[in-house]
Amino acid sequence: MDMTITKGQRDLLIGLAGILIAVVVNFLVASPYNEKTASIESKNKELKPIAEEYQAIHANVDEYEEKISEMKQEGQEILSHYPSGIEREDQLMLWANIGGSYPDALALGDIELEEWDAVAIQGIEEGEIPAAQITYDEDGNPKISDDLAKSASADYKLFAGVSAMEFASTYDGLKYMLTYIQSQNDRNSIDALEIEYDEETGFLKGAVGVRQYYVLGTDKEYMPTFIPSVLTGVDDIFHSGNGNLSDEKEENPERDE
């Protein structure tokens with residue numbers, strides 16, 4: 001059998017071998033490379049918006065740092081108006097100081113001190129309080145018991161308590177009292193206000209509820225309320241409101257001198 005390969009056949013075999021090699025190279029090298037390239041291009045399209053966002057952030061990093069610093073200062077300013085604690089003595093001194101500031105126009109009577117309630121907690125550790133022990137108010141804010149609030153670990157804990165004070169006053173005395181309460185450096189709010197006109201004496205009578213706040217978690221030390229010196233010529237330093245203002249003025253005219 002003649003196994004001689006002609007020149008034409010040889011050239012054909014070489015051409016077929018070249019095609020086969022090209023196919024093998026495309027299958028083993030070019031095709032995976034093209035797939036990787038397509039995958040990279042797809043990822044690049046996905047990451048491009050993120051990269052542009054990071055570039056924009058980096059371009060404005062100085063402005064962001066300035067805003068962060070301003071927000072921290074605003075936060076410290078807010079916290080500066082919340083003491084680290086309020087004792088019953090502090091609540092009583094607020095009551096005494098209000099009455100003692102305007103003895104001719106205002107007299108405070110009985111005071112009732114409510115319990116301190118946990119209002120808000122920030123930065124509580126996840127999972128420390130079981131979900132079953134958390135309730136929610138009508139606005140959707142989480143609420144937990146005061147005992148849990150005091151024992152839980154958190155960045156800040158805000159507590160509030162109300163001092164309900166009875167009073168008798170002139171019209172100006174009422175304005176003095178409300179202004180005095182709202183002018184305090186420590187944050188407070190008027191929780192309730194009841195007023196009626198007493199035709200017998202001509203004075204206003206009623207009750208005001210002052211809600212005071214304190215925050216646990218700051219680095220501030222507890223500072224008791226300043227106790228001023230006792231006013232001379234005043235028999236009752238707390239102005240407890242025994243009797244009415246008109247009777248006291250008639251019996252003690254020298255008090256206005």
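Start with the whole chain: of its 257 residues, 24% are buried. The model is predicted. Colour the chain by secondary structure, and 6 helices and 7 strands appear. Followed from the N terminus, the order of these elements is α-α-α-β-β-β-β-α-β-α-β-β-α. Among contacts with a separation of 6 or more, 74% join residues 24 or more positions apart.

**The largest core**

Next, select Ile98, Leu108, Met165, Phe167, Met177 and Val208. These residues have the most contacts inside the largest nonpolar core, which has 15 residues. To see where the core comes from, show helix 3 (88-101), strand 1 (106-113), strand 5 (156-169), helix 5 (171-182) and strand 7 (203-216); each of these elements gives two or more residues to it. Which element provides the largest share of this core? Helix 5 does, with 5 residues. In soluble globular proteins, nonpolar side chains tend to be buried together.

**Methionine 165**

Stay in the core and centre the view on methionine 165. Setting aside neighbours within four places in sequence, methionine 165 has contacts with Leu94, Trp95 and Ile98, and also with Leu108, Asp110 and Ile111. Add Gly206, Ala207, Val208 and Val210 to the selection to complete the set of residues that methionine 165 touches.

A separate core lies apart from the largest one. This other core has 6 residues, including Leu79, Tyr82, Ala160 and Val215.

**Helix 3 against helix 5**

Now hide everything except helix 3 and helix 5. Their axes come within 10 Å and cross at roughly 135°. Helix 3 is therefore oblique to helix 5, since the angle is neither over 145 degrees, as roughly antiparallel would need, nor in the range 65 to 115 for roughly perpendicular. The crossing of the two helices is right-handed.

Show side chains where the helices meet. On helix 3, select Leu94, Asn97, Ile98 and Ser101; on helix 5, select Met177, Tyr180 and Ile181. Sorted by class, this contact has 5 nonpolar residues, 2 polar ones and no charged ones.

**Leucine 106**

For the last stop, go to strand 1 and pick leucine 106. Is leucine 106 buried or exposed? Its relative accessible area is 0%, so leucine 106 is buried. Then add leucine 204 and draw a line between the two C-alpha atoms. Leucine 106 and leucine 204 are 98 residues apart in sequence, and the line between their C-alpha atoms spans 9.5 Å.

Definitions and conventions. Residues are numbered from 1 along each chain as its sequence is written. This is a predicted model: local features need pLDDT of at least 70, side-chain atom pairs count only at pLDDT 80 or more; totals for chains, interfaces and linings use all residues. Side-chain values use heavy atoms; hydrogens and water are left out. A nonpolar core is a set of buried Ala, Val, Leu, Ile, Met, Phe, Trp, Tyr and Cys residues joined through side-chain atoms within 4.5 Å. Buried means under 20% relative accessible area, exposed over 50%, partly exposed in between (1.4 Å probe, protein chains only). Helices (H or I, at least four residues) and strands (E, at least two) are DSSP runs, numbered from the N terminus. Contact means heavy atoms within 4.5 Å. Axes are lines fitted to C-alpha atoms, for helices over the stretch in contact, and angles run from 0 to 180 degrees between N-to-C directions. Angles under 35 degrees count as roughly parallel, over 145 as roughly antiparallel, 65 to 115 as roughly perpendicular and the rest as oblique. A crossing is left-handed if the near helix is turned anticlockwise from the far one by less than a right angle, and right-handed if clockwise. Ala, Val, Leu, Ile, Met, Phe, Trp, Tyr, Cys and Pro count as nonpolar, Asp, Glu, Lys and Arg as charged, and the others, Gly among them, as polar.
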